[in-house]
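Open the model in a viewer with the sequence panel showing. The stops below say what to select and what is there.

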Amino acid sequence: RGKGSNMESTLKKKIISSFKLQGLSLKSAASSYLVDVLIPYTYSTDLNDILDKILEAIQQQPLKTAILSRDVVEKAVDECNEASDSDSERALVVIDAFSIPAFEYNSDKRKFFPRDAGTVLFGSANDKSSLWKERYSIVRQATLRHELFAPPAVEGMNAGSRFELKTVEFLLSTSGSSKKVLVLGMLVQIKEGKYHLEDPTGVVEVSLANSQFQIGLFVENSLVLAEGVFDENIFHATAVGFPPSEPSARSRLHLGNVNFFGGPHKTGAKSSVKLQAMERQHSGAMFVFLAEVHLDNEQVMTRLNLLFKGYSSVPPMAFILMGNFSSAPHGNYRNSDLANHFQMLANIITKYPSLLSKSQFIFVPGPSDPGPGNLLPRPPIPATVTRSLSETVPSAVFCSNPCRLQFCTQEIVIFREDLMSKMCRNYVKFPSSSFDMTQHLAKTLTSQFHLCPLPLHVQPIYWQYDHSLRLYPLPDLIVLGDSSKPFTGTELECQITNTGSFATNGGEFKVYMAGTKLIDDSVVLLPTSVK
């Protein structure tokens, strides 16, 4: 009896200590219940893992207090028992754009709440207005938390170099002033040749004639910080820049464990102890990214064969191949021709059993691949075209564009679009030569928290699924399949890389080493006899 009491006491102390580390405490009935449940595992090496799972299940519940009752703990234990046979804790999860959860920001409660994305692709006029309001709300709430805009922690403290944001409504309520003000708004062109600044409170004409533009690619519908004076019903902007972005870690401090990214977990993957351990076990994982993989090009197929042969001795976690998958995507027989080319690709893959069994093959459609037109997000290539490859290569996944990969705790966003050229064709002001174009693009994406901040008439988006292109919180890695020059950069701990064109840039591609988070520039060189 004494030995049993000592064992229970030791276990109880361990349980209470584990909960305290997470800022939680247990009522007496709750701790006694957990002792009864865990007593068989007292000397088991699985005890810590079991405790971590219970804690994770508790943190997924909408807790009203940090002092836990027995009911809360029982519910968590039941969920752990139900999930014991689940395969949700996989190292690699492919997330379709149409399954990404939607959230909207409530400015009164200063919190994000789930929103039903609906099942209808073509939304109403309200959905279009909500699209712009939600983009604005996300950027504004992040901007107000930035040290340049946040109010002093102690009332009466010197504000120093802090700025105060004004609304368009504030400007319109004044008769004009020589004092400079700062406004967060969207650049719009209501009348041709005349730009306006718009926010949820109103719209005002803006003069950009003497404006100094900061780093970034400024296009119509960009959310900008404009500094200037309001006079004669015109806001004369002297400086225009993008709002400050926000590192992922800081965003999550305010968002908690909410899963914005998508996937099988109710909470964000970064808070999962099990996934963290799994990531350490897969420290050597590699991801190979290629774009513009023209399967009707003989040299491309030769390069693919060489690529697979080279990696057959060290199979990567996944090959991510982005379209367009044909150099001639139009014509009466394009679907049947593409189906034949996918079968040819399957024949190459089956030559390497190690890749067939250990690597995933993920296919992201390009703008000209079979599908419902130039709308984002783009659904997977139709099964009628890909069936032969899917049957031959069981690990093949045909997904949407954009799509997301969750590798353990790492979040990866993949987007196949010629974004650089579209941004450059539609900018309001020629970008400053003080920065490289890749720096301009990286700043634009991270400041707008959006993959494609172009006007909707340039790149149409399903209004109800605009949230699938959001970059909030910022992911670990953004992979662009852009036919422009390859590049790699970092903005606020978010890596952004462009693969370039595998077909036209001489077999260039990118390799991501997940363990070290390094990106290698790679190329498949053809033998002299094949060139």
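Select helix 5 (125-145): with nine residues, helix 5 gives the largest share of the lining of the largest pocket. Helices (H or I, at least four residues) and strands (E, at least two) are DSSP runs, numbered from the N terminus. A pocket here is an open set of points on a 1 Å grid over the protein atoms alone, where a 1.4 Å probe fits, with protein on both sides within 12 Å along at least five of seven lines; lining residues have an atom within 4 Å of a point.

This is a predicted model, in which local features need pLDDT of at least 70 and side-chain atom pairs count only at pLDDT 80 or more, while totals for chains, interfaces and linings use all residues. Residues are numbered from 1 along each chain as its sequence is written, and side-chain values use heavy atoms, without hydrogens and water.

Stay at the pocket and add strand 4 (102-106), strand 5 (111-115) and helix 7 (248-255), each of which supplies at least two lining residues. The lining has 37 residues in total, and Tyr-105, Ser-107, Arg-110, Lys-111 and Gln-141 lie nearest the centre. The volume of this pocket is about 1200 Å³, taken as the space filled by probe spheres set on the points, with grid points joined across faces, edges and corners.

Next, select strands 3, 17, 18, 19, 21 and 20, which form an open sheet in that order with mixed pairing. Two strands pair if DSSP finds at least two bridges between them. At the edges are strand 3 (92-96) and strand 20 (487-491), each paired on one side only. From one strand to the next the twist averages 20 degrees. Zoom in on strand 18 (410-415) and strand 19 (477-480), a parallel pair with four bridges. Val-413 has Ile-478 of strand 19 as its bridge partner.

Move to helix 12 (383-392), where Val-385, Thr-386 and Leu-389 are buried (under 20% relative accessible area, 1.4 Å probe, protein chains only). Why do they share a side of helix 12? They cover an arc of only 55 degrees around the axis, judged by the directions from the helix axis to the C-beta atoms. On the other side of helix 12, Thr-384 and Glu-391 are exposed (over 50%).

Last, select Ser-177 in the loop between helix 6 (168-172) and strand 7 (181-191). Ser-177 is partly exposed (between the 20% and 50% limits), at a relative accessible area of 40%. Draw a distance from its C-alpha atom to that of Pro-353: the two are 176 residues apart along the chain and separated by 73 Å.

Conventions:
Axes are lines fitted to C-alpha atoms, for helices over the stretch in contact, and angles run from 0 to 180 degrees between N-to-C directions.
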